[in-house]
Amino acid sequence: MSAARILDGKGLADRLRAELADEVVRWRSATGVMPGLGVILVGSEPASAVYVRNKRKAAQAAGFSDIIVEMKATATQDEIAEAIDQLNDDHTIHGILVQLPLPRHLDSESLLRRIRPDKDADGFHPVNMGLLALGTPSLVPCTPLGVRELLIREKIETKGKRAVVLGRSNIVGKPMALLLMAKGPGGDATVTVAHTASQDLPGLCREADILVVAAGQPELVKGSWIKPGAVVIDVGIHRRADGTLCGDVDFVEASQVASAITPVPGGVGPLTVAMLLRNTFEAAKKLVEPNR
Ligand code: NAD
């Protein structure tokens, strides 16, 4: 029996996508424009192919057009740069993403920098990361944005709370910490970022009223690492040998101690795609009606 409230990310993502689809219908009839998502998929890694398929399905269901550019695993840096340039120049496309990870021979950083910042659907471009760091966010990385949306919609108070983010990656941990410390709803927290060089990880985690775990280590966080009554957000996703999924948190243990927790699957994952569509729509609105 779990004591914690289960934070239903899947249900919220469905509602957010339905809200967005309604908004898109109205916007399309007002402007005559369909929001467009462009995705570059390099190679045939099965997990990436599934992610891209899900993004396409979600985009189509929300009334977007989409272009998937599929490139061979052997594609060169220049060929991918050219594909990005084409999407950058395509006026039917408002949000662009390059599905990560890219094959090893490619320089991901420089390819992500090639995407126009105002079409940067994943929010990874240095301009968008910089705006987030300065407290004037524009396009924000989708996974942390989804976590903030969940915290707000579930009425989890962050203001003045101790938040600990476990993980310092550019796509999750770092932007998550920036959002939690930003002024306003879902922010105003006192934030600690823990990582591989941190000492006494369990002790640091136990300080958290809100613990966001994005370490990429299956079931790393145990029940004893959690302060009784804390809110636990598990970003991790892993497939066990038996085919079932788990997160970075030991859900069975943690749900006995936390007051609320996201499950895996059905927690943070579905929100990421909903936020990708939101970012693309926000980009479309700015590109099509810049003076709005
Ligand atoms: P990453 O590997 O890039 O970063 C992991 C971070 O955790 C690093 O900063 C590292 O310092 C820290 N870390 C790792 N092991 C640690 C340990 N033992 N002790 C302390 N710190 C440790 O991973 P990421 O891209 O940030 O993703 C994290 C997890 O979230 C992964 O499981 C990934 O699959 C998942 N993810 C899920 C979604 C989603 O939509 N649900 C999106 C992105 C990532």
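A residue is called buried when its relative accessible area is under 20%, exposed when over 50%, and partly exposed in between (1.4 Å probe, protein chains only). By this scale Lys-285, at 10% relative accessibility, counts as buried.

The structure is a predicted model, in which local features need pLDDT of at least 70 and side-chain atom pairs count only at pLDDT 80 or more, while totals for chains, interfaces and linings use all residues. Residues are numbered from 1 along each chain as its sequence is written, and side-chain values use heavy atoms, with hydrogens and water left out.

**Helices α1 and α10**

Keep Lys-285 selected and add Glu-23, which is partly exposed at 23% relative accessibility. The two form a salt bridge (a side-chain nitrogen of Lys or Arg within 4 Å of a carboxyl oxygen of Asp or Glu), and their closest N and O atoms are 3.5 Å apart. Lys-285 lies in helix α10 and Glu-23 in helix α1, so the salt bridge ties together parts that are 262 residues apart in sequence. Helices here are DSSP runs (H or I, at least four residues), as are strands (E, at least two), numbered from the N terminus. Adding Arg-278 and Glu-282 to the selection completes a network of salt bridges with Glu-23 and Lys-285.

Next, select Trp-27 and Phe-281, both of which are buried. Rings of Phe, Tyr and Trp (its six-membered ring) pair if their centres lie within 6.5 Å; planes under 30 degrees apart count as stacked, over 60 as edge-to-face and the rest as tilted. The count comes to one aromatic pair. The ring centres of Trp-27 and Phe-281 are 5.4 Å apart and the planes stand at 90°, so this pair is edge-to-face. Trp-27 belongs to helix α1 (residues 9–31) and Phe-281 to helix α10 (residues 268–288), 254 residues apart.

**The sheet**

Now display the open sheet of six strands, whose order is β1-β11-β8-β7-β5-β6 with parallel pairing. Two strands pair if DSSP finds at least two bridges between them. At the edges are β1 (5–6) and β6 (190–194), each pairing on one side only. Helix α7 (residues 173–181) packs on the sheet and touches β5, β6 and β7, where contact means heavy atoms within 4.5 Å.

**From the sheet edge to helix α6**

Which residue forms a salt bridge with Arg-5? Select Glu-154: its closest O atom and the N atom of Arg-5 are 2.6 Å apart. Arg-5 is in strand β1, whereas Glu-154 is in the loop between α6 (142–153) and β5.

Finally, select Arg-153 and Glu-149, whose side chains meet in a salt bridge (2.9 Å, N to O).

Definitions and conventions
Axes are lines fitted to C-alpha atoms, for helices over the stretch in contact, and angles run from 0 to 180 degrees between N-to-C directions.
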